Amino acid sequence: MERIPILKMGPFLLVTIQIDLYDRLALTLENDLINMVSQTGARGVLIDISTVSIVDSFMGRILGNIASMSRIMDAETVVVGMQPAVAITLVELGLTLQGVYTALNVEKGMELLNTKLGDNLELDDDEEEDQDDRND
Amino acid sequence: MNTTAQVLEKNKERILEKWMQNQLSDAALRDDLMTNDELQRQSREMLDGLLRAVSKGNYDNIYDTDFEQVTDTLRDISITRARQGFSPRETGAYVLSLKQSVIEVLVEQRQDDTSMLYREIMQLNTLLDNLSILTFETFIKGREEVILRQTDEISEISTPVIRVWDGILALPIIGTLDSARTQVVMENLLQEIVNTGSNIAILDISGVPAVDSLVAQHLIKTVSATRLMGAECIISGIRAEIAQTIVHLGIDLSNIKTKASLASALHLAFSMTNLEVRRTERHKGPKLMR
């Protein structure tokens with residue numbers, strides 16, 4: 001059975017969807033991705049859909065689901081490279097993907113994840129300052 | 001006893017002459033738009049066709065094949081005149097003045113037989129009235145085509161996407177926003193975002209005369225689509241009346257960034273991209289000039 005590869009890059013997971021998603025494949029991806037987040041403790045998920053030309057409401061919902069699930073597991077989701085036609089279709093379907101971050105391309109998506117993560121890390125650093133000192 | 005068609009055929013030149021006279025004597029004739037030779041040629045062609053059709057005894061059905069040549073010529077003339085900017089009066093007068101000259105000639109020829117004359121005139125009257133209705137229909141159709149073409153052109157040229165800064169696009173919308181236009185605006189904007197890799201798009205609606213719930217819906221759609229692409233959208237140019245209407249209609253724009261003017265939207269865009277515009281120190285200017 002076909003599977004979409006999930007790449008680990010530092011604290012992030014990278015998914016590039018290069019074929020048109022059919023329902024079962026999308027469900028498998030959702031499952032694999034969430035398992036992967038839990039296994040690796042990833043802090044961000046980047047989904048590249050720049051070569052996807054067809055979406056339906058199901059696919060829109062899956063993307064929303066992935067984002068919500070990752071959020072609970074403390075990972076941000078960024079969807080990058082959406083085609084204009086795809087964006088128009090999703091809006092017409094009434095799916096605005098609330099809670100999903102978007103970026104124009106992978107580069108900008110990574111940047112966005114880094115800033116999000118950076119903000120969080122700063123907060124963590126403040127809390128863990130005392131501990132760090134002790135370790136030194 | 002001559003038939004009507006024969007009488008008319010015999011006096012063709014006279015009818016044509018009278019017809020030309022009638023047309024030329026009309027003070028409203030625009031001889032700057034068409035030469036007299038051209039008019040004469042058109043009129044002769046038209047009269048030839050008409051007489052041929054009448055000689056077959058057809059006075060009623062102008063959509064018959066007998067009249068094909070006449071109606072074709074007439075449609076041609078109407079459409080051309082509509083495009084050239086003739087007034088409806090001039091175009092209508094073209095056929096109506098033919099009626100006048102035909103009747104004048106018939107009256108001359110049939111002085112001895114009044115009942116025959118009456119019947120002939122009634123027949124020709126109906127026929128030429130039908131032809132003038134056809135002229136009008138075609139004339140108006142021609143004008144409508146012109147209007148449609150202009151509408152298309154306007155909607156095409158009125159959605160320019162301007163690159164105001166690196167990574168900042170502006171799209172001034174002028175005129176009413178309907179569904180078809182929103183589609184064009186949205187497609188242009190999204191395509192340009194992809195082409196330039198811009199992060200921020202400013203939608204300026206200061207040229208939109210009125211915003212109702214449908215227009216607001218369209219705007220919200222455009223903003224959502226831009227967000228899905230990974231860019232941020234700012235709506236600017238919201239006038240006092242528009243703000244009032246939006247609030248009265250109960251439209252929620254709270255999750256969209258809105259600004260009163262394009263300048264303040266650009267300011268916001270700069271601060272979102274961590275840019276700063278500063279005045280240079282004054283004494284440095286002249287030094288550079290030297």
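I'll start with helix α7 of chain B, residues 179-196, which has 18 residues and reaches 26 Å from its first C-alpha to its last, close to the 26 Å expected at 1.5 Å a residue. Before going further, a reminder that this is a predicted model.

Which residues of α7(B) are buried? They are B:Val185, B:Met186, B:Leu189, B:Leu190, B:Ile193 and B:Val194. Around the axis they cover an arc of only 160 degrees, so they sit on the same side of α7(B). On the other side of the helix, B:Ala180 and B:Asn195 are exposed.

What do those buried residues pack against? In chain B, the partners are β2, residues 168-174, β3, residues 200-207, and α8, residues 213-229. The buried residues also pack against an element of chain A, namely α3, residues 84-92. Just after α7(B) comes B:Gly197, with a positive phi of about 65 degrees.

Since chain A has come up, I'll take the contact between the chains next. On the chain B side 14 residues take part, and they are in contact with 14 residues of chain A. Two elements of chain B, α7 and α8, give two or more residues to the side that touches chain A. The largest share of that side, six residues, comes from α8(B). By class, the side of chain B that touches chain A has seven nonpolar, four polar and three charged residues.

Now the sheet of chain B. It is an open sheet of five strands, in the order β1-β2-β3-β4-β5, and the pairing is mixed. Which strands are at the edges? They are β1, residues 162-165, and β5, residues 257-258, each of which pairs on one side only.

Moving inward, β2(B) and β3(B) run parallel and are joined by six bridges. One of the residues to look at here is B:Leu169, whose bridge partner in β3(B) is B:Ala201. Two helices can be placed against this sheet. The helix I began with, α7(B), lies across β1, β2 and β3 of chain B and runs at about 165 degrees to β2(B). Helix α10 of chain B, residues 262-272, also packs on the sheet, touching β1, β2, β3, β4 and β5 of chain B. The direction of α10(B) makes about 170 degrees with that of β3(B).

On to the next pair in the sheet. Five bridges link β3(B) and β4(B), again in the parallel sense. B:Ala201 has a bridge partner in β4(B) too, B:Cys233. Why is β4(B) described as largely enclosed by the rest of the structure? Because four of its five residues are buried.

One loop residue in chain B deserves a slide. B:Leu177 lies in the loop between β2 and α7 of chain B. Is B:Leu177 buried or exposed? With 23 other C-beta atoms within 10 Å, B:Leu177 is buried, since the cut-off is 20 or more. Leaving aside neighbours within four places in sequence, B:Leu177 is in contact with B:Thr182, B:Val208, B:Val215 and B:His218. The C-alpha atoms of B:Leu177 and B:Leu214 are separated by 8.8 Å, and these two residues are 37 apart along the chain.

That leaves chain A. It has four helices and five strands, and along the sequence they follow the pattern β-β-α-β-α-β-α-β-α. Of the 136 residues in chain A, 38% are buried. Among contacts between residues at least 6 apart in sequence, 78% join residues at least 24 apart.

At the start of that pattern, β1(A), residues 6-9, and β2(A), residues 12-16, pair in the antiparallel sense over four bridges. A:Met9 stands opposite A:Phe12 in β2(A). The hairpin of these strands has two residues between them, and A:Gly10 takes a positive phi near 60 degrees there.

β2(A) also runs parallel to β3(A), residues 44-48, and five bridges join the two. Within that pair, the bridge partner of A:Thr16 in β3(A) is A:Asp48. So much for chain A.

Notes. Residues are numbered from 1 along each chain as its sequence is written. Chains are lettered from A and ligands numbered from 1 in the order in which they are written. This is a predicted model: local features need pLDDT of at least 70, side-chain atom pairs count only at pLDDT 80 or more; totals for chains, interfaces and linings use all residues. The expected span of a helix is 1.5 Å times one less than its number of residues. A residue is buried if 20 or more other C-beta atoms lie within 10 Å of its own, exposed if 12 or fewer, and partly exposed in between; C-beta atoms are placed from the backbone. The arc is that of the directions from the helix axis to the C-beta atoms. Two residues are in contact if their C-beta atoms, placed from the backbone, lie within 7 Å. Ala, Val, Leu, Ile, Met, Phe, Trp, Tyr, Cys and Pro count as nonpolar, Asp, Glu, Lys and Arg as charged, and the others, Gly among them, as polar. Two strands pair if DSSP finds at least two bridges between them. Axes are lines fitted to C-alpha atoms, for helices over the stretch in contact, and angles run from 0 to 180 degrees between N-to-C directions.
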